[in-house]
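Ready for a little practice in reading a protein model? Grab a coffee, open your viewer and work through the exercises below.

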Amino acid sequence: GDYGVTKLYVEKESLAERGLTEDDLMPVTYEDENDGFAEKPSLIFVDRAELARVMRDQDVVLSF
């Protein structure tokens, strides 16, 4: 929250390859300042193709 990160993309195929499901992950929320500080989910589950599109559309991608 201190860095303004509100979206955490999770690739569904990577979860499955590791024997995990969405329910295995800890819920993460953020407070939306534009919506009365309502708590909203940060985890966004996408398939491999969608994640590739998200990464392609970014100005900067950091790989760790």
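The exercises that follow concern a predicted model, and each comes with a worked solution.

**Exercise 1. Describe the overall build of the chain: which elements does it have, in what order, and how spread out is it?**

Solution.
- Step 1: Start with the elements. The chain has two helices and four strands.
- Step 2: Put them in order. Read from the N terminus, the elements run β-α-β-β-β-α.
- Step 3: Turn to the spread. The radius of gyration is 13 Å, well over the 11 Å from the globule rule for 64 residues, so the chain is more spread out than a compact globule.
- Step 4: Add the dimensions. Along the principal axes, the C-alpha atoms fill a box of roughly 35 × 30 × 20 Å.
- Step 5: Look at burial and surface. Of the 64 residues, 14% count as buried. The chain exposes about 5500 Å², and carbon and sulfur atoms supply 50% of that area.
- Step 6: Check the contacts along the sequence. Taking contacts between residues at least 6 apart, 50% join residues at least 24 apart.

**Exercise 2. Work out how β2 and β3 pair, and what the loop between them looks like.**

Solution.
- Step 1: Find the strands. β2 covers residues 29–32, and β3 covers 38–41.
- Step 2: Determine the sense. The two strands pair in the antiparallel sense over four bridges.
- Step 3: Pick out a facing pair. Y30 stands opposite K40 in β3.
- Step 4: Inspect the turn. The hairpin has five residues between the strands, and G36 takes a positive phi near 60° there.
- Step 5: Look at F37 in this loop. Phi of F37 is near 60° too, a positive value in a residue other than glycine. F37 counts as partly exposed because its relative accessibility is 48%.

**Exercise 3. Which acidic residues does K40 bridge to, and how well covered is each partner?**

Solution.
- Step 1: Take D32. K40 forms a salt bridge with D32, with the closest N and O atoms 2.8 Å apart.
- Step 2: Take D35. The side chains of D35 and K40 meet in a salt bridge at 3.1 Å, N to O.
- Step 3: Judge the cover. Buried means under 20% relative accessible area. D32, at 12%, is therefore buried. D35 is partly exposed at 40%, and K40 is partly exposed at 25%.

**Exercise 4. Why does the salt bridge between R48 and E17 tie together parts that are distant in sequence?**

Solution.
- Step 1: Confirm the bridge. The side chains of R48 and E17 meet at 2.9 Å, N to O.
- Step 2: Locate the residues. R48 lies in helix α2 and E17 in helix α1 (residues 12–17), so the pair joins parts that are 31 residues apart in sequence.
- Step 3: Check accessibility. R48 is partly exposed at 38%, whereas E17 is exposed at 55%.
- Step 4: Widen the view. E11, E17, R18 and R48 are linked in a network of salt bridges. Across the model, the count comes to seven salt bridges.

**Exercise 5. Is S42 buried or exposed, and which residues is it in contact with?**

Solution.
- Step 1: Locate S42. This residue is found in the loop between β3 (38–41) and β4 (43–46).
- Step 2: Read its accessibility. S42 is buried because its relative accessible area is 3%.
- Step 3: List its neighbours. Beyond residues within four places in sequence, S42 is in contact with T6, K7, L8, V28, T29 and Y30.
- Step 4: Follow one of them, L8. This leucine lies in strand β1 (residues 8–11) and is partly exposed, with a relative accessible area of 35%.

**Exercise 6. Which residues make the nonpolar surface patch, and where does F64 lie?**

Solution.
- Step 1: Name the patch. Y3, V5 and L8 make a nonpolar surface patch of about 360 Å².
- Step 2: Move on to F64. F64 is found in the segment after α2 (48–56), and is exposed, with a relative accessible area of 93%.
- Step 3: Compare sequence and space. F64 and L15 are 49 residues apart in sequence and 18 Å apart in space, C-alpha to C-alpha.

Methods: Residues are numbered from 1 along each chain as its sequence is written. This is a predicted model: local features need pLDDT of at least 70, side-chain atom pairs count only at pLDDT 80 or more; totals for chains, interfaces and linings use all residues. Side-chain values use heavy atoms; hydrogens and water are left out. Patches are made of residues with over 30% relative accessible area and no salt bridge: like charges are joined within 9 Å, nonpolar side chains (Val, Leu, Ile, Met, Phe, Trp, Tyr) within 5 Å. Accessible areas come from the Shrake-Rupley method with a 1.4 Å probe; for residues, only the protein chains shown count as cover. A salt bridge is a side-chain nitrogen of Lys or Arg within 4 Å of a carboxyl oxygen of Asp or Glu. Buried means under 20% relative accessible area, exposed over 50%, partly exposed in between (1.4 Å probe, protein chains only). The radius of gyration is taken over C-alpha atoms; the globule rule is 2.2 Å times the number of residues to the power 0.38. Contact means heavy atoms within 4.5 Å. Two strands pair if DSSP finds at least two bridges between them.
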